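Please work through the exercises below with the sequence and the model open beside you, and try each task before you read its solution.

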Amino acid sequence: MFNETKKSIEWGEETLSLETGKVARQADGTVIATLGETSVMANVTFAKAQKPGQDFFPLTVHYNEKYYAAGKIPGGFFKREARPTEKETLTSRLIDRPIRPLFVEGFKNEVLVICTVLSHDLVNDPDVVAMIAASAALTLSGAPFMGPIGAARVGFEDGEYILNPTIDDMQDLRNNPDQRLDLVVAGTKDAVMMVESEAYELSEAEMLGAVKFAHESFQPVIDLIIDLAEDAAKEPFDFAAPDYSELSAAVKAAGEDAMRAAFANTDKQERVAAVAAARTTITDALTDEQLADENLGSAMKKLESSILRGDVVKTGKRIDGRDTTTVRPIVSETGLLPRTHGSALFTRGETQGLVVTTLGTGDDEQMIDALHGTYKSNFMLHYNFPPYSVGEVGRFGFTGRREIGHGKLAWRALQAVLPAATDFPYTVRVVSEITESNGSSSMASVCGGSLSMMDAGVPLKAPVAGIAMGLILEDADNYAILTDILGDEDHLGDMDFKVAGTENGITSLQMDIKIAGITPEIMEKALAQAKDARVHILGEMGKALTGASEFSVHAPRIETMQVPTDKIREVIGSGGKVIREIVEVSGAKVDINDDGVIKIASPNGEAIKKAYDMIHSIVAEPEEGQVYDGKVVKIVDFGAFVNFFGKRDGLVHVSQIENRRLNHPSDVLKEGQDVKVKLLGFDDRGKVRLSMKVVDQETGEEVVAEKKEKKED
């Protein structure tokens, strides 16, 4: 009944297998990829005809994590998988970016790729497995896909690159000082197509070495996919790229001069208006038949691309007048918003971000429910890209994939320099509002985020800056690497290469290639050029920080204390009774974790001190020889019981009340009376022995007993 095909290799420390022919046989291509015990099914379908008037390539990628894969039931009321999580959205983008450029030019039929996590061993991350499965399914489907691609994750520990590190190794790099890199690379047999990374101040040479290591490591994966395709691939789809050379010639003849003049405008809005006018000039000169041609949009883009790209490669001058290495003018400001905890306005040319930092307590940490477990995050970065930032009218309010992806890139760049939670026990939320955009708003978010956190008093290890690099590649000897690219250079160029870091090294690297890949030599030059730009931007940012920023008066103060783990139950109390009482009496927020770290938060210093003292009295042990304030709680014939340390009581024997003989303790004491006592020690049964007579009851000072002289005979 089934025509199954399965291929396997030993890859790293696990077995990687690809199988097809048994499940989802009506899809154009289906592959189940398994690494260890993590399995992902990729299904590919594509339309066999292009929609009339289609002028773009409609590729859609969905990555879905099913809770059953890890033996879990979804939380919440509905108990089923709902809207995509951040991880699912980011992984969908991760799969999309390297495969999109590899479809044959001119192919505009709708393509749908769905990757579903079927099994998760909690060791191997499904994202790389999903990329491999998608590549294999596309290769089998017969779609005009110039793959396959391979993918790999790389770690960096003790100077050694590690292939496919485990989820535990990558879970929280900030709390794992030995692990300095989380890098995902995808590419073809000959070149790298996509890079995504989170790093801890790696040098350019170390980062380039990691990319090369990944590219070499996934070559066996590409060979495995080819081996599978030789046995199971479908016949190639009959597709011929449309020939619109005559239309392109007509478009060029009708409007090359007007388009070239339009691109001569250095102001973005003026250039946009001039390009629109040039397009109108072209369409007015075309015939009805040419206007009806579905390749008109491609012909227009080809003209625009040839003008922008040709001028840069030939003259080294860009459409805004800069050379290839110059960064646009930068203005950095901090402390703009009086009631926020920290704020910054970062402007680079026509790209601007208003970035705001808010400090919170442990109650504000984000709870993340993932397949491999639930955990908390005390650092969030949210990126917003409203339509007005590019002078357009559009939908507002929905957080799209692009916003999630750009926000995560900025998050990765900044999290490497955050202080340890034990040193700075705050939850940090950074919000980047992009108010203007003309290239690299995500890197503006990195720069503005660094400034706003420092304005809020967050003790960063070092400021971070980011820069977007571009590439125009005509051939191996004819190319230009562009520093600080514009929106048009991103749209019409061949590479978007974003590098963020400190003066000491790279904290994040993201690369997307729109051609069949780039060589290590080009990447090395781009990294070196990016470093020069990053150092320049850090210098400009430094002008906005004249000194150490004061901690905002509107931010909560947080103090931490460590208590023994066996005392946690005493602090919380039965049903949370004790900790609720501490919060109510002191007015401070109190949060305690399983390790015995307690965070006490309040804008009021007195409230923090009161809560601290109350907790201290519960967990601390009384010290022998110390004097304490106490209260008489019970009087008996042989003495008085005094509450002197939290809820600790001790006995003051009748002989220790005063330096004289008493008939009964009630002669001088009554219940509820405040007294001062000294802890003499503990008897053989562990009971507390206290004394009043050795302490001055007014001053609290110890009374030195006078020695009696012996009488002479």
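The exercises that follow concern a predicted model, and each one is a task with a worked solution.

**Exercise 1. Confidence in the model**

Task: Find the mean pLDDT of the protein chain, and then examine residues 707-713.

Solution: Begin with the chain as a whole, where the mean pLDDT is 89 and 97% of the residues reach 70 or more. Next, turn to residues 707-713, where the pLDDT is below 50. Finally, look for contacts of this stretch beyond near neighbours in sequence, and you will find that it has zero in the model.

**Exercise 2. Cysteines and disulfides**

Task: Count the disulfides, and decide whether Cys115 and Cys447 are buried or exposed.

Solution: First recall that a disulfide is a covalent bond between the sulfur atoms of two cysteines. The working rule asks for a pair of cysteine sulfur atoms within 2.5 Å, and by this rule the count comes to zero disulfides. For the second part, the cut-off to apply is that a buried residue has under 20% relative accessible area. Cys115 has a relative accessible area of 0%, so it is buried, and Cys447, with a value of 0%, is buried as well.

**Exercise 3. Cavities**

Task: State how many cavities of 30 Å³ or more the whole structure holds, and describe the lining of the largest cavity.

Solution: A search of the whole structure gives four cavities of 30 Å³ or more, and the largest cavity has a volume of about 60 Å³. Its lining consists of Leu35, Val123, Asn124, Asp125, Val128, Arg153, Asn164 and Pro165. Sorting these residues by class then gives four nonpolar, two polar and two charged residues.

**Exercise 4. Backbone details in loops**

Task: Locate the cis peptide bond between Gly147 and Pro148, and then compare the settings of Lys79 and Ser440, whose phi values are positive.

Solution: The bond that joins Gly147 and Pro148 is cis, with omega about 0°, and Pro148 lies in the loop between helix H2 (126-141) and strand E7 (150-157). Moving on to phi, Lys79 has a value near 60°, which is positive although the residue is not glycine. Lys79 belongs to the loop between strand E5 (59-65) and helix H1 (86-99), and because its relative accessibility is 47%, Lys79 counts as partly exposed. Ser440, again a residue other than glycine, has a positive phi near 60° and sits in the loop between strand E17 (427-436) and helix H11 (441-455). With a relative accessible area of 11%, however, Ser440 is buried.

**Exercise 5. Separation in sequence and in space**

Task: For Lys48 and for Gly297, set a separation along the chain beside a distance in space.

Solution: Start with Lys48, which is found in the loop between strands E4 (38-46) and E5 and is partly exposed, its relative accessible area being 47%. Lys48 and Glu110 are 62 residues apart in sequence, while their C-alpha atoms are 8.3 Å apart. Leaving out residues up to four places away in sequence, Lys48 touches Asp28, Asn109 and Phe237. Now consider Gly297, which is placed in helix H9 (residues 296-315) and counts as partly exposed, because its relative accessibility is 31%. Gly297 and Ser248 are 49 residues apart along the chain, and the separation of their C-alpha atoms is 9.9 Å.

Terms used
Residues numbered from 1 in each chain as written. Predicted model: local features only at pLDDT ≥ 70, side-chain atom pairs only at ≥ 80, totals over all residues. Heavy atoms only, no water. Buried < 20%, exposed > 50% of the residue type's maximum accessible area, 1.4 Å probe, protein only. 1 Å grid on protein atoms, 1.4 Å probe; cavity = no way out; pocket = protein on both sides within 12 Å on 5 of 7 lines; lining within 4 Å. Points joined across faces, edges and corners; volume = space filled by probe spheres on them. Nonpolar A, V, L, I, M, F, W, Y, C, P; charged D, E, K, R; others polar. Helix = DSSP H or I, 4+ residues; strand = E, 2+ residues; numbered from the N terminus. pLDDT = per-residue confidence, 0-100. Contact = heavy atoms within 4.5 Å.
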